Amino acid sequence: MNTVATTPIDGQKPGTSGLRKKTRVFMQPHFLENFVQSIFDGIGGARGKTFVLGGDGRFFNKRAAQVILRMAAANGATHVIVGRDALLSTPAASHLIRLNKTDGGIIMSASHNPGGEDEDFGVKFNMANGGPAPEYVTNAMFERTRTIQEYHIVEAQNVDLSTVGDTELAGMKITVVDPVADYAALMETLFDFDAIRAMFAGGFRIQFDAMCAITGPYGQEILENRLGAAPGSVVHGTPLPDFGGMHPDPNPTWAHELMDTMNGPDAPDFGAASDGDGDRNMVVGPNIYVSPSDSLAVLAANAHLAKGYAAGLKGVARSMPTSAAVDRVAEKMGLACFETPTGWKFFGNLMDDGRVSLCGEESFGTGSDHVREKDGLWAILMWLNILAKRQMSVAEIMRDHWQSYGRNYYSRHDYEAVDSDIANTMMDDLRSKLDGLVGQTIQGHRVSEADDYAYHDPVDGSVSAQQGIRVLFDGGARFVIRLSGTGTSGATIRLYLESLETDPANFDQDPQDALRWIILAAEDIAGIRARTGKSGPDVTT
Ligand code: G6P
Ligand code: ZN
């Protein structure tokens with residue numbers, strides 16, 4: 001074993017979902033090693049523990065895996081389960097942690113951020129429940145990065161991760177597993193594969209865009225091999241270190257090839273995409289885009305059609321900026337409904353405590369308590385299960401849903417790579433004028449409430465403050481502004497817009513039109529365009 005002297009490196013504070021940096025930053029001497037040692041120290045040491053390890057295949061994934069294995073061995077871990085070629089989607093890693101009852105897992109990914117030597121890399125730790133480490137744990141890791149003096153690593157050749165089976169490194173057992181097999185088996189227990197297979201056999205067509213990232217092999221095995229979708233239904237299905245230059249974020253802006261297909265003359269019946277590490281999803285029908293908030297509501301209303309959820313849901317949860325469409329379903333169905341800050345980690349306690357079984361976020365994340373991460377393919381399979389059982393098109397499902405529950409028009413506007421000082425000053429200015437806003441009329445609508453959202457976790461009592469500024473209007477419309485916690489350069493301002501429509505005559509508007517006055521009101525109050533000099537958002541969802 002080798003103990004290497006080191007000194008603290010600035011900027012190792014984990015964000016919304018682990019530590020994300022430019023790949024070249026991670027490749028600097030000691031950078032990865034300092035953080036991995038801080039992970040082990042932050043969880044009370046690795047001695048005698050077992051872990052899962054895998055990543056989304058982006059540049060540096062394989063080399064980082066070798067370093068992490070050598071450090072796990074040097075820190076006394078007894079067993080690491082690794083995906084073949086160091087590959088695992090985030091939900092598959094979460095499942096393996098739970099299935100094998102390990103003490104946690106390390107996932108190498110920067111999720112939906114582009115990959116490559118000049119793009120992004122990331123490392124995060126998931127706990128024994130399969131979910132991202134909560135803040136008190138990531139804070140302990142961060143504190144460690146600020147005092148670290150040494151790390152432990154064994155000197156060894158690279159471990160062969162290309163073949164499934166057991167091997168060994170300096171006394172630590174390593175099990176290389178097929179990244180897809182256990183995950184696919186889990187999906188078969190949750191969904192009615194026979195019904196979906198019959199739908200494909202009847203000529204139903206799907207296009208699944210894996211965006212040259214981790215879900216390609218998962219999509220091919222589950223959709224094409226097991227469910228019988230036509231060969232070629234999975235596009236961009238080979239994971240590449242730079243994701244083929246694609247930005248693997250499944251939203252209308254970045255998955256524009258899929259959008260073009262779905263809005264084109266020969267659109268298949270169903271379109272879907274996932275992100276770099278496989279936890280996000282976007283769902284599209286021919287000429288109809290399903291907003292993630294609506295998708296969550298549809299899944300909540302129809303989950304009982306899937307065998308894994310036939311007994312009904314325990315409850316549902318959504319992040320605060322996500323629309324209240326799911327709240328309306330929960331109310332009608334008599335389900336408990338929780339609101340949490342942005343970040344999947346906040347759902348973990350609710351799921352572990354048995355309060356919710358379905359969760360979702362506007363940021364293209366949907367999932368359930370089958371794992372403790374959001375799960376892109378899971379959501380796609382749930383949609384397919386619903387379509388197969390209801391024998392309706394995506395558009396028919398949406399229209400039917402709005403008829404029953406009303407339509408929460410929704411959109412998110414992102415202003416990217418904003419100067420951090422400008423963004424922080426904007427947030428400070430907003431905070432200072434919140435109290436004065438209530439009662440004012442802006443763009444013809446009265447502000448009913450304005451606050452800076454704080455979350456009180458009902459399970460462990462912890463409080464998370466300053467989670468986003470909310471401005472609510474009479475009638476239920478609102479906007480929310482917060483700064484992204486997942487970017488790697490400058491600040492991203494997110495403006496979330498929502499209004500409720502209950503008159504069926506108005507269900508067919510373009511969301512940007514339905515939300516126009518709120519967009520103007522947000523600009524009047526916050527001045528994002530004025531301050532950033534941008535004429536409009538970089539990404540619209
Ligand atoms: C990741 C997290 C999500 C979060 C999303 C957006 O995907 O897992 O929980 O909603 O990032 O976070 P951000 O802080 O960038 O808005
Ligand atoms: Zn992701």
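**Exercise 1. State how the protein chain is divided into domains, and describe how domain 1 meets domain 2.**

Solution. The chain falls into domain 1 (2-178), domain 2 (183-405) and domain 3 (407-540), with bounds that come from an automatic or database domain assignment. This is a predicted model, in which local features need pLDDT of at least 70 and side-chain atom pairs count only at pLDDT 80 or more, while totals for chains, interfaces and linings use all residues. Residues are numbered from 1 along each chain as its sequence is written, and chains are lettered from A and ligands numbered from 1 in the order in which they are written.

Next, take the distance: the C-alpha centres of domain 1 and domain 2 lie 28 Å apart. The contact takes 27 residues from domain 1 and 30 residues from domain 2, where two residues are in contact if their C-beta atoms, placed from the backbone, lie within 7 Å. On the side of domain 1 that touches domain 2, helix H4 (residues 90-99) gives the most, with six residues; helices (H or I, at least four residues) and strands (E, at least two) are DSSP runs, numbered from the N terminus.

**Exercise 2. Work out the strand order of the five-stranded open sheet, and find its edges and the helices packed on it.**

Solution. The order is S11-S10-S12-S13-S14, with mixed pairing; two strands pair if DSSP finds at least two bridges between them. Strand S11 (234-235) and strand S14 (288-290) each have a single partner strand, so one side of each is left without a neighbour in the sheet.

Inside the sheet, strand S12 (residues 270-274) and strand S13 (residues 281-285) run antiparallel and are joined by four bridges, and glycine 271 has valine 284 in S13 as its bridge partner. Helix H13 (residues 376-390) packs on the sheet, touching strand S10 (206-209), S12 and S13, whereas helix H14 (residues 394-405) touches S12, S13 and S14.

**Exercise 3. Describe the residues that surround ligand 1.**

Solution. Ligand 1 is surrounded by 14 residues, of which the closest are Trp344, Ser363, Ser484, Gly485 and Thr486; a residue counts as near if its C-beta atom, placed from the backbone, lies within 6 Å of the molecule. By class, the shell has one nonpolar, eleven polar and two charged residues, where Ala, Val, Leu, Ile, Met, Phe, Trp, Tyr, Cys and Pro count as nonpolar, Asp, Glu, Lys and Arg as charged, and the others, Gly among them, as polar.

Note on methods:
Axes fitted to C-alpha atoms, helices over the stretch in contact; angles between N-to-C directions.
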